[in-house]
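Hi everyone, thanks for making time for this. I'd like to walk you through a structure that will be new to most of you, so let's put it on the screen.

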Amino acid sequence: MNHLEPASQSRQQQIFTVTRLNSAVRMILEQDLGLVWLTGELSNLAMPSSGHWYFSLKDMSAQVRCAMFKGNNRRVPFRPQDGMQVLVQARVSLYEPRGDYQLIIESMQPAGDGMLALRFEELKRRLGAEGLFDEGRKRPLPREPRAVGLVTSATGAALHDMLTVLHRRAPDLPVFIYPTQVQGNTATAQIVSAIMLANRRAEVDVLIVGRGGGSLEDLWCFNEEAVARAIAGSAIPVVSAVGHEVDVTISDFAADLRAPTPSAAAELVAPDRRTRAQRLVHLRQRLTQAMSRHQVAARHGFVLLQKRLDHQDPKRRLEQQSQRLDELDRRLQQHLRDRLHQGERRLAGLAMRLQARSPEKLLAIGKRRHQLAEERLHTLMSKRQSLAGHRLAMLSARLDGISPLATLGRGYAIVRTPSGEVIRRASQVNAGQTLITTLAEGALRVRVDEVHQP
């Protein structure tokens, strides 16, 4: 039992519902295959009121169901019918409710034109990636070509149209025709040979390569790689003029300039007679104005040269030089006099300064200063001595006023113990004690008989 359980669980994990299976298959088909191109025959075409188209696409051995929804079929430029060969771009899918494998059509076109369109887009992408169509490679057309070359059919209406326009615009402009087939299997090689022949001869300044209108198959030789490379490699500037204005070919991208029609190409390369006449008139006016300006400038230059000649005349130059020499001599004399006066003034100033600094004068000044200083010193000493005597007298008077001797002179006495202690109170003395009494004149030695306390 244990060995069977994992196998049973694995089978249970792989069990799908129908809905899940159809959904998974649809996702695988849409994601892995993406958009595909295929061609086949329409059959069982149905166009219900919803606006969607339903049909089968078949070939000799198989068929596949298809659906094209109205958002996409509105862009289809033709009315599809059963039995029509078409080229479609589609997504591979699955209609889940019935499990039907089907295609979801994104675009549709007739099989012939569609294949050519695919080839056109692929070649355009490849040559563009090489830089064959880069604007930096384009050359300007000559404004006044010496001659024009036409690479086209010798019997086509395009040649007649271009010659008519060229004759009308520039009847004197040489035109060289390099005839070639412009339709069919041999056209590509003949167009390349004609372009190479024009480059070898180098008899024209600009080439028009083109033809009149036609179907995509009719114009296909101008979508061939060989023609595109011949145009891009031409040393002569090339104007591409293929079909009508709505027609676009690989040659248009490779050429230096695209014209919407052959007649328009002739208009572009040939200068108009009226325009040329107007240009000649304009150039004549410019030439006349330039000559007039040149004459005025020449006349003005002559006047200037005459003035310079008069100015450079030897006699006049000698007179001017003599006058300048006199002027310089006068200025030199004046300068010498000014310098002499300056020297004299400076010498006088130095003499005055020297006299002011004479030793005798300086000694006299020193003696006078010494005498004045001595007089000031004596005067100051007398004042100081007088002030000192006056102050001494005042201090003596003040000292006499507070002197003990002056007090003693008024009848007072100073009593001291033999040790010199001044007696101020009676309590300081004992009866029988000996005291010294100082008078104004002399001193007494006395003994105390009694002491009276206050």
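**A short walk through the model**

Let's begin with K124, which is found in helix α4, spanning residues 111-130. Before I go on, please keep in mind that this is a predicted model.

How exposed is K124? With a relative accessible area of 30%, K124 is partly exposed. If we leave aside the neighbours within four places in sequence, K124 is in contact with F133, I250 and F253. To get a feeling for distance, look across to Q306: K124 and Q306 are 182 residues apart along the chain, and their C-alpha atoms are separated by 72 Å.

Now let's turn to the sheets. Five strands form an open sheet, and the order is β7-β6-β8-β9-β10. The pairing in this sheet is parallel. Which strands stand at the edges? They are β7, residues 175-179, and β10, residues 257-258. Each of these two has a single partner strand, so one side of each is left without a neighbour in the sheet.

Let's zoom in on one pair here. β9 and β10 pair in the parallel sense over two bridges. If you look for V239, you will see that it stands opposite L257 in β10.

As a reminder for anyone new to sheets, strands pair through backbone hydrogen bonds, either parallel or antiparallel. You've just seen the parallel kind in the five-strand sheet, so here is the other one. Three strands form an open sheet in the order β11-β12-β13, with antiparallel pairing. The edge strands are β11, at 414-416, and β13, at 443-447, and each of them pairs on one side only. On average, neighbouring strands of this sheet are turned by 25 degrees against each other, direction ignored. How many bridges join β12 and β13? Strand β12, residues 434-438, pairs with β13 over five bridges, in the antiparallel sense. One bridge to find on the screen is that of T437, whose partner in β13 is L444.

Next, a helix that brings us back to the five-strand sheet. Helix α9 lies across β6, β8, β9 and β10. Relative to β8, α9 runs at about 170 degrees.

α9 also has a helix partner. Two packed helices are described by the angle between their axes and the distance between the axes. Here, helix α5, residues 157-169, and helix α9, residues 262-269, pack at an angle of about 30 degrees, and their axes are 8 Å apart. Are the two helices parallel or antiparallel? Angles under 35 degrees count as roughly parallel, and α5 and α9 are therefore roughly parallel to each other. The crossing of α5 past α9 is right-handed. On the α5 side, the residues that meet α9 include A158, M162 and V165. On the α9 side, the residues that meet α5 include P262, A266 and V269.

Let's move to the loops. Between α6, at 187-201, and β8, at 206-211, there is a loop that holds D205. Is D205 buried or exposed? D205 is buried, with a relative accessible area of 19%, because the cut-off for buried is under 20%. The side chain of D205 reaches the backbone nitrogen of R146 at 2.4 Å. Not counting residues up to four places away in sequence, D205 touches P142, P145, R146, A147, I236 and P237.

The loop between α6 and β8 also holds A202. A202 is partly exposed, with a relative accessible area of 49%. The backbone of A202 is worth a look too: A202 is not a glycine, yet it has a positive phi of about 50 degrees. N44, in strand β1, residues 35-46, is another residue other than glycine with a positive phi, near 55 degrees.

Our last stop is S234, in the loop between α7, at 225-232, and β9, at 238-242. S234 counts as buried, at 4% relative accessibility. Where does a polar atom of the S234 side chain find the backbone oxygen of I236? That oxygen lies 2.8 Å away. Leaving aside neighbours within four places in sequence, the contacts of S234 are R139, I195, N199 and L207.

That's the end of the walk. Thanks for listening, and I'm happy to go back to any of these spots on the screen.

How values were computed. Residues are numbered from 1 along each chain as its sequence is written. This is a predicted model: local features need pLDDT of at least 70, side-chain atom pairs count only at pLDDT 80 or more; totals for chains, interfaces and linings use all residues. Side-chain values use heavy atoms; hydrogens and water are left out. Helices (H or I, at least four residues) and strands (E, at least two) are DSSP runs, numbered from the N terminus. Buried means under 20% relative accessible area, exposed over 50%, partly exposed in between (1.4 Å probe, protein chains only). A polar contact is a pair of N or O atoms within 3.5 Å; within protein, one must be able to donate a hydrogen and the other to accept it, and residues adjacent in sequence count only if both atoms are side-chain atoms. Contact means heavy atoms within 4.5 Å. Two strands pair if DSSP finds at least two bridges between them. Axes are lines fitted to C-alpha atoms, for helices over the stretch in contact, and angles run from 0 to 180 degrees between N-to-C directions. Angles under 35 degrees count as roughly parallel, over 145 as roughly antiparallel, 65 to 115 as roughly perpendicular and the rest as oblique. A crossing is left-handed if the near helix is turned anticlockwise from the far one by less than a right angle, and right-handed if clockwise.
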